[in-house]
Amino acid sequence: MSSPEIASLSWGQMKVQGSTKIYKDCKVWPGGSRAWDWRETGTEHSPGVQPADVEEVVKKGVQTLVIGRGMSEALKVPPSTVEYLEKQGIDVRVLQTEQAVKEYNALAAQGIRVGGVFHSTC
């Protein structure tokens with residue numbers, strides 16, 4: 001099963017190949033995607049993306065996880081989250097969301113089991 005391409009990205013909107021939904025924030029993994037609801041884990045811009053936010057994608061068996069910090073990089077990613085991913089043997093890449101989507105799509109096109117968590121605003 002391959003990772004779905006992020007078909008389009010603009011401020012506050014993301015479209016994932018194979019889904020009819022338009023996401024504000026989303027999680028993607030080989031074979032699927034869903035809205036990323038920050039309320040599930042109490043996520044806020046600071047301290048930012050917590051291990052609980054990425055755990056679901058990790059469980060899908062990804063080799064690489066790309067985290068999009070938002071269009072203006074307002075969403076933080078604390079060292080504890082990066083360390084959690086590295087301890088799982090996952091290559092983690094933290095980028096501004098437009099760059100993160102480009103990186104994710106490039107990795108997916110190479111057939112890498114890549115997952116992502118993306119914030120499409122601030």
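Helices and strands are DSSP runs, helices of at least four residues and strands of at least two, numbered from the N terminus. In this predicted model, glycine 48 falls outside such runs, in the loop between strand S5 (32-35) and H1. The paragraphs below begin with the sheet and then move to the helices, the cores, the loops and the aromatic pairs.

The sheet is open and has five strands, in the order S5-S4-S8-S6-S7, with mixed pairing. The edge positions are taken by S5 and strand S7 (91-95), and each of these has a single partner strand, so one side of each has no neighbour in the sheet. On average, and with direction ignored, neighbouring strands of this sheet are turned by 10 degrees against each other. Within the sheet, S6 and strand S8 (residues 114-119) run parallel and are joined by five bridges. Valine 66 has glycine 116 of S8 as its bridge partner.

Two helices can be placed against these strands. H1 lies across strand S4 (25-29), S5, S6 and S8, and runs at about 35 degrees to S4. Helix H2 (residues 79-87) also packs on the sheet, where it touches S6 and S7, and its direction makes about 150 degrees with that of S7.

The largest nonpolar core has 16 residues, of which Val49, Val54, Leu65, Ile67 and Leu85 touch the most other members. Helix H1 (51-58) and strand S6 (64-68) are the elements that give two or more residues to this core. H1 gives the most, with three residues. The surroundings of isoleucine 67 can be followed in detail: setting aside residues up to four places away in sequence, isoleucine 67 touches Val49, Val54, Val77, Leu85, Val92, Arg93, Val94, Leu95, Ala100 and Val117. There is also a second, separate core of 14 residues, which includes Ile6, Tyr23, Ala100 and Val101.

The loop between S5 and H1 merits a closer view. Proline 47 is found in this loop, and a cis peptide bond joins serine 46 to proline 47, with omega at about 15 degrees. Glycine 48 has a relative accessible area of 1% and is therefore buried, since the cut-off for that class is under 20%. Apart from neighbours within four places in sequence, glycine 48 is in contact with Thr43, Asp53, Leu75, Lys76 and Pro78. For glycine 48 and leucine 75, a separation of 27 residues in sequence corresponds to a C-alpha to C-alpha distance of 5.6 Å in space.

Another loop, between S6 and H2, contains glutamate 73. The phi angle of glutamate 73 is near 60 degrees, a positive value in a residue other than glycine. With a relative accessible area of 37%, glutamate 73 is partly exposed, because that class lies between the limits of 20% and 50%.

Towards the start of the chain, serine 3 lies in the segment before strand S1 (6-10). Its relative accessibility is 7%, so serine 3 counts as buried. A polar atom of the serine 3 side chain lies 2.6 Å from the backbone oxygen of valine 114. Not counting residues up to four places away in sequence, serine 3 touches Trp29, Pro30, Gly31, Tyr104, Ala108, Ile112, Arg113 and Val114.

S1 itself pairs with strand S2 (residues 13-16) in the antiparallel sense, over four bridges. In this pairing, serine 8 has lysine 15 of S2 as its bridge partner. The two strands S1 and S2 form a hairpin with two residues between them, and glycine 12 in the turn has a positive phi of about 80 degrees.

The aromatic side chains complete the picture. A pair of aromatic rings is described by the distance of the centres and the angle of the planes. The count comes to two aromatic pairs. Tryptophan 36 and tryptophan 38 form a tilted pair, with 5.6 Å from centre to centre and 50 degrees between the planes. Tryptophan 36 and tryptophan 38 are buried. Tyrosine 104 and phenylalanine 118 form an edge-to-face pair, with 5.6 Å from centre to centre and 85 degrees between the planes. This pair links distant parts of the chain, 14 residues apart, with tyrosine 104 in helix H3 (residues 97-109) and phenylalanine 118 in strand S8. Both tyrosine 104 and phenylalanine 118 are buried.

Notes: Residues are numbered from 1 along each chain as its sequence is written. This is a predicted model: local features need pLDDT of at least 70, side-chain atom pairs count only at pLDDT 80 or more; totals for chains, interfaces and linings use all residues. Side-chain values use heavy atoms; hydrogens and water are left out. A nonpolar core is a set of buried Ala, Val, Leu, Ile, Met, Phe, Trp, Tyr and Cys residues joined through side-chain atoms within 4.5 Å. Buried means under 20% relative accessible area, exposed over 50%, partly exposed in between (1.4 Å probe, protein chains only). Contact means heavy atoms within 4.5 Å. A polar contact is a pair of N or O atoms within 3.5 Å; within protein, one must be able to donate a hydrogen and the other to accept it, and residues adjacent in sequence count only if both atoms are side-chain atoms. Two strands pair if DSSP finds at least two bridges between them. Axes are lines fitted to C-alpha atoms, for helices over the stretch in contact, and angles run from 0 to 180 degrees between N-to-C directions. Rings of Phe, Tyr and Trp (its six-membered ring) pair if their centres lie within 6.5 Å; planes under 30 degrees apart count as stacked, over 60 as edge-to-face and the rest as tilted.
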